[in-house]
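User: I am new to protein structures and would like to learn how to read one step by step. Could you guide me through the features of this one?

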Amino acid sequence: MSRRRAVVAIAITVTVVAVAAGIVAAYPRYRALERTVVETFSGRPWAVPARVYADSFVVYPGMRLTAPDLLARLRRLGYREVSAAVRVRGDVRRDVGDRAIELFLRAFPYPLHPEAGRPIRIEIADGAVATMRDLAADTEVFDLALEPEPLAGLYDRVWQERRVVPLDAIPPRLVAAVLAIEDARFYEHGAIDWRGIGRALVRNVGAGRVVEGGSTLTQQLMKNFFLSEERTLRRKAVELVMAVIAERRYTKPQILQLYLNEIYLGQSGAKGIFGVSEAAQFYFGKELGDLTTAEMALLAGMIRAPNGYSPYRNLDRARARRDLVLAAMLEHGAIDAAEAAAARAEPVALRPPAQDRNDAPYFVDFVRRELQTSYAADALTGEGLRIFTTLDPMLQAIAATTLREGLAALERQYPQLAGREPEQQLQGALIALHPATGEIKAMVGGRDYAVSQFNRASDAARQPGSVFKPIVYFAALDPAGGPSHLLPTSRVADAPFSWSYDGQVWTPENYEGRYLGDVTVRRALEMSLNAATARIAFEIGLPRVRDTAEQLGISGLLPTVPSMVLGSLEMTPLAVAETYAVLASQGQRTPARAVKQVADEHDQLLEGRPLAIASVVSPQVSYLVTHLLEGVVERGTGRGVRLAGFTAPAAGKTGTTNDYGDAWFAGYTPDVVAIVWVGFDRRESLGLSGARAALPIWTEFMKRATANVPPRAFEEPDGVTLVEIDPASGLRATPQCPERMIEAFLDADAPTMDCPLHRHAPSVAPPPPASSPPSTGEPQERKPWWRRWF
Amino acid sequence: MVAAVVLSMRGPFRPRVALHAVLAAALLASACSATRGAHPDRAVGTARDDRAPEAGRGAPPTAKAEPPIESASARPPEIHPPAPPAALDDDGPLVAKIDRTTPPRRAAALRLTEQGRAHLAAGEPARAIEVLERAVAIDARSPYAYYFLAQAHAEARHPALARSFVARAEQLFAGNHYWLGRAHALHGRLAEDGGRSDEARREYGHALAAWPQNADAATGLARLDGSGQGAR
């Protein structure tokens, strides 16, 4: 053997041994990569955040609704306004003069009744819905639910918005567009396209820069899933190996499906847009099946540089890239020349840019916390749950704006409240419920979520002050509470009063030390008289007040001290709202509800959280208290509501704590219960009453929230009689009575006797009008009318 | 009655005594009526009213009309107030109740309730609940929505919710004898299914008092009395 042959033999041997050793050494690493690929793709490839939806907006004939209001809601949902007839789901067209709106309702996978989408014409006349018609079926529609607005995603660290769809739900032409521009030989190569790499190399060398990549879809998929963006040989080698593994273990359609759901296609604030389905919604407000060829080409073109080719950022660049894709599609036979020309001529019709805002961050936190008791954190942030809530996004937006503006106005008006560090600034909370269903329609837990995430609406337990008083009056008016009960016309002394208990003495004082003497129960509540209220509570006893509070749903350990009756216990705005909702719904307690349904990522219902009601107190007495609270708004401490221009029937109560640390206004109409709290987190004194600090915010919210809602009176239940009385005597008013008012009584309590005070009108001094404080010169003790007869 | 009191007085006519007698009689009559009475102006710490609480609260509505036409299958128990007049039942489509005077909310709620009823008939209680809750949200005083919600929850095996909704329906159906009867009959059935025979008997009784032809209540009572084996 010559020396030369020996060297060759040794070299071959060494090479073989080295290769063998390399293979042996690399095999565990290969197996590890294989495990990684298989475990990821065979399990749940993506952590899909739960999606939180607002409530559906339901439209029905006769409903007060203007075209601009409806269009505002549709714009929030991303409907595209078109001038021709609506053709595609998500189109909306306003008819001449806003007399009608045509919309192509979007498909929505409601868990129990998937909506396929249909064209609807809504005729609007005199500010109300006149008729609705399904244009496809040519039938009248009597109720129409717009799809719910997405509020937010519940994500762990990175918010990836993605709608996972199977390959057969993706239009073949979109697949062709992606393949034409990204990997035309996808079905021909085995993970690595050597020809493509060579072509890219030649072009890049020729251009002197990187103008074309040689990565196949499979390689891109591996890089997106498992690898970083670093440009190193080692990273590229791992990518190639993983791509080979993927092609060995999975079919081409499987890889394609993964790819089309995985690709990053843009950014909206903190939210990344992933997958073609999400991108179709984000850019065009369309289902995949509704995309045009041009739109498909535009999406496919964005894969390379989603933000660079975003039509929102640079329309010309996006259009040029789209045309490049169309040319590639034409080259590969995916479309013909006529189709390509038509697509090139098509203007880019984008969905109005989605507002990258979460109007309800406190509410979303509240929902997340509520669900955490039933779902693991991983499930909430990674399994694509769909959570249907009760929120009305329009009311929520009004609530957030009103609170923010109201607090700023207070700071302008009272400079001592302003100029603090953000963490110590004036705070507030606003919550609105639908009383009959307990559905939370709006929840604002603070002034600025970015500064403080503490949800004051649900978690800040503060003294309610006089907001608690209606409970005392409920107990006093309720015949079920004991052997005696009061009437709204019963009289009580509003004078300095001391209550001895457990060796202590409690002496409640009136606001500004003013006492009104002998007043009716109604007047005592309307003017929020502390001494009179305490005297009533003393007469009926603390246990009766406590029992009533518990019946109305105030839970927890209620203090056993008399000051409880003036609100010395602590309640959150949410708890106050639930309590007032019982009054508004005539004795029905409906626990506040944020979540209606939870569905899994396949749209199967996991859980329904149904409406629950319980008849907890008398409907009749609830109505009596509501009637008294209407008086608070008409002529009592809450009259600022009327002065500020809110004219709809409403009941409400102001609340202020002793040191002016908390300012409240709690009020309701038959349809909305709203509670506003204003104060400092550190419980510093505001120096303002509820009427000054909270009432203006409540009023502004209600004015805006009910702007287009026909006012509705509180309906008295059976068992209640409305009687026109003379407020001075509490008896039926006669034509001679100079002052009259409608008072509500339980049927059994309604006065049947005429007022005797003004039968000889000239000789009887006129009683004080109901709208002014009673004269302190009134007799302190008035005989009942029947005693005066004898 | 007042005349009888005055006429029964002996001795010379004394206007003041007569006036007292008349007033006393009037007050007595008023108290006996249990529906309406004259009430003094009461003051805390000065005058008290020791009368019993409102008699009608929580009880079935008092019938205000003619005697009932008795059902051949069952008679209402004597403990119940007189039943309402015979009338055609009211089991047609709820949308038939909609006319030009019906407020839009009520009309929308009735239509949704009819939809919910159809879902119930199709064996879809979950969907029925969804639709009926929407009806309640639009018109919270629609007794029909509560009634069918109760039925839907009964089908969905949520007996506690069913009971609470049927109780609300009973409140709101006051005066609507046919539906009040149906609500009490459903209440009775829920109680019977829950093993509360006394409550069931009472509710069936209320149902027949409200609507003597209510076959469900009659059958239920017969079943409870042991004479209706196999009726279920």
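**A helix across a sheet**

Analyst: Let us begin with a helix lying on strands, keeping in mind that this is a predicted model. In chain A, helix α20 (residues 573–584) lies across β15, β26 and β27, and its direction runs at about 150° to β27(A).

User: Which strands make up the sheet that contains β27(A), and in what order do they stand?

Analyst: To read a sheet, one follows the strands from neighbour to neighbour. Here five strands of chain A form an open sheet in the order β16-β15-β27-β26-β25, with antiparallel pairing. The edges are held by β16 (439–444) and β25 (651–656) of chain A, and each has a single partner strand, so one side of each is left without a neighbour in the sheet. From one strand to the next, the twist averages 10°.

User: How many bridges join β27(A) to strand β15 of chain A, and how many join β27(A) to strand β26 of chain A?

Analyst: Pairing is read from the bridges between two strands and from their sense. Strand β15 (residues 427–434) of chain A pairs with β27(A) in the antiparallel sense over seven bridges, and here A:L433 stands opposite A:V673 in β27(A). On the pairing with strand β26 (residues 662–668) of chain A, seven bridges are again found in the antiparallel sense, with A:D662 opposite A:G679 in β27(A). Four residues lie between β26(A) and β27(A), and the two strands form a hairpin. Further along, β25(A) and β26(A) run antiparallel and are joined by six bridges; A:G652 stands opposite A:G667 in β26(A).

User: Are the residues of strand β27 of chain A buried or exposed?

Analyst: For a strand, it helps to ask about burial and then about the way each residue points. Strand β27 (residues 673–679) of chain A is mostly covered, since seven of its seven residues are buried. A:V673, A:I675, A:W677 and A:G679 point one way from β27(A), while A:A674, A:V676 and A:V678 point the other way, and all are buried.

User: Where in chain A could I find strands that pair in the parallel sense?

Analyst: Look at strand β11 (residues 159–162) and strand β13 (residues 271–274) of chain A, which pair in the parallel sense over four bridges; the bridge partner of A:R162 in β13(A) is A:F274. Strand β12 (residues 264–268) of chain A, by contrast, runs antiparallel to β13(A) and is joined to β13(A) by four bridges, with A:G266 having A:I273 as its bridge partner in β13(A). The hairpin of β12(A) and β13(A) has two residues between the strands, and in this hairpin A:G269 takes a positive phi near 60°.

User: What is the order of the strands in the open sheet of three strands?

Analyst: The order in that sheet of chain A is β29-β28-β30, and the pairing is antiparallel. At its edges stand β29 (731–732) and β30 (741–746) of chain A, each with a single partner strand, so one side of each is left without a neighbour in the sheet. Strand β28 (residues 720–726) of chain A pairs with β30(A) in the antiparallel sense over six bridges, and the bridge partner of A:V723 in β30(A) is A:E743. Helix α21 (residues 619–635) of chain A packs on this sheet, where it touches β28 and β30 of chain A, and its direction makes about 155° with that of β30(A).

User: At what angle do helix α3 and helix α10 of chain A cross?

Analyst: Two packed helices are described by the angle between their axes and by the distance between the axes. In chain A, the axes of helix α3 (residues 172–182) and helix α10 (residues 315–331) come within 8 Å and cross at roughly 95°, which means that α3(A) is roughly perpendicular to α10(A). On the side of α3(A), the contact is made by A:A176, A:A177, A:A180 and A:I181, and on the side of α10(A) by A:V325, A:A328 and A:M329. The residues of this contact divide into seven nonpolar, no polar and no charged.

User: What radius of gyration does chain A have as a whole?

Analyst: Chain A has 35 Å, whereas a compact globule of 790 residues would have a radius of gyration near 28 Å. Along the principal axes, the C-alpha atoms of chain A fill a box of roughly 145 × 65 × 45 Å. Chain A has 25 helices and 30 strands, and buried residues make up 49% of its 790 residues.

Terms used:
Residues are numbered from 1 along each chain as its sequence is written. Chains are lettered from A and ligands numbered from 1 in the order in which they are written. This is a predicted model: local features need pLDDT of at least 70, side-chain atom pairs count only at pLDDT 80 or more; totals for chains, interfaces and linings use all residues. Axes are lines fitted to C-alpha atoms, for helices over the stretch in contact, and angles run from 0 to 180 degrees between N-to-C directions. Angles under 35 degrees count as roughly parallel, over 145 as roughly antiparallel, 65 to 115 as roughly perpendicular and the rest as oblique. Two residues are in contact if their C-beta atoms, placed from the backbone, lie within 7 Å. Ala, Val, Leu, Ile, Met, Phe, Trp, Tyr, Cys and Pro count as nonpolar, Asp, Glu, Lys and Arg as charged, and the others, Gly among them, as polar. The radius of gyration is taken over C-alpha atoms; the globule rule is 2.2 Å times the number of residues to the power 0.38. A residue is buried if 20 or more other C-beta atoms lie within 10 Å of its own, exposed if 12 or fewer, and partly exposed in between; C-beta atoms are placed from the backbone. Two strands pair if DSSP finds at least two bridges between them.
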